[in-house]
Every structure is written in C-alpha cells, then in structure tokens.
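Trainee: I would like to go through a fold step by step. Please show me the sequence and the structure.

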Amino acid sequence: MLRFDIHMHARPAGLSPGETLVIDGRSLPTLDVPISARGQTFPITFEEVGERLEALPRMFFEPDGSFVWVSPQGPDDWQVDGVFYDRGGAVLFAELKGRCPADEFDRLLAACGWPATAVMMQLTRQAVFVDEATFREWATSVSSEKRTV
C-alpha cells in the first residue's frame, strides 16, 4: 500500500540529482528541478486524462479536474483524492493525496501516459522533488509506519 500527499509532474529530461536529505530519519535522494523546468506539461490533453480517469471503476471525476477514487468496500479500503491542473489544454500537474495499492496507483499514472511519460513527485509536506522509484519507496515506508502505530 502506498500512502502519499504529492504533486505529480511530468519529468523533464536531463535533471540533475539534488541533495540527499535526512527526513523523518530516512535518507532521501532528491532531484534538482529548476523553476523553468517545473512548467513542463504532460503530452496529453486535460480532456483525454478526464476520459481515461472516468473509465476507472469507482472514480468520480469533475470537469474542474477534481476527483475522488475509492476502493471496493473491504478490509483493505483505500481512497485517493486530487485535482488535475492544466495549461494550454495539457495537464500541467496533479495534486494527489491518499493511499492505495501500487497497482492501482499505476492505473492512475497510466491515465497521464505513464510509463512512456516519466514522472517525478514533489512531496508536499517536505517540499522536495523525487524520482518515481524514490517516491514509491518513501510512500511504502510511510504506509508501513501508519499500520504499526
């Protein structure tokens, strides 16, 4: 299960590694993302993403880009809320918050053209950019900590 509060962006080519920071007792390799690179859009229109998201079961997508996606009822309930933002008709980034299994998260990413389109995440509370692999490790460890509390 992944637990997250992030902004998901298309990953520009040629990013340099940033600092490795210690956050919540864990080493976290970051990305150095210049401000000029943060405006890169996904190579898909806002309308296409909306259509793809609406095709997911139990997904409620609004025309303003906000959505909620829920699991079937059961012992491993999950939910993801968020908002997709656009610029010039293309998706600029998405705010995503919640928790879900990794395979369901993959379905959400696929609506934006992943894996052909590389992604990066900005951890909202920590205000750092990380690559997809680092994000998945982080989101899995955060989820594990929540279960043991």
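Mentor: We will take the sheet, then a strand in it, then a helix, then the core.
This is a predicted model, in which local features need pLDDT of at least 70 and side-chain atom pairs count only at pLDDT 80 or more, while totals for chains, interfaces and linings use all residues. Residues are numbered from 1 along each chain as its sequence is written, and side-chain values use heavy atoms, with hydrogens and water left out.

Trainee: Which strands stand at the edges of the sheet?

Mentor: Strands are DSSP runs of E, at least two residues long, and are numbered from the N terminus. Two of them pair if DSSP finds at least two bridges between them. The open sheet has 7 strands in the order β4-β5-β6-β7-β1-β8-β9, with antiparallel pairing. One side of each edge strand is left without a neighbour in the sheet because each has a single partner strand, and these edge strands are β4 and β9 (128–131).

Trainee: Which residue stands opposite His9 in β7?

Mentor: β1 pairs with β7 (residues 90–100) in the antiparallel sense over 8 bridges. β1 is also joined to β8 (residues 119–123) by 5 bridges, again antiparallel; there Ile6 stands opposite Leu123. In β7, the residue opposite His9 is Phe93.

Trainee: How many residues of β1 are buried?

Mentor: Buried means under 20% relative accessible area, exposed over 50%, and partly exposed in between (1.4 Å probe, protein chains only). By that rule β1 is mostly covered, and of its 9 residues the number buried is 7.

Trainee: Why do the buried residues of α1 line one face of the helix?

Mentor: Helices are DSSP runs of H or I, at least four residues long. In α1 (residues 46–54) the buried residues are Phe46, Val49, Gly50 and Leu53. On the other side of α1, Glu47 and Glu51 are exposed. The buried ones line one face because, seen down the axis of α1, the directions from that axis to their C-beta atoms fall within an arc of 100 degrees.

Trainee: Which strand gives the largest share of the largest nonpolar core?

Mentor: A nonpolar core is a set of buried Ala, Val, Leu, Ile, Met, Phe, Trp, Tyr and Cys residues joined through side-chain atoms within 4.5 Å. The largest one has 39 residues, and Met8, Phe84, Phe105 and Phe135 have the most contacts inside it. Its largest share, 5 residues, comes from strand β1 (residues 2–10).
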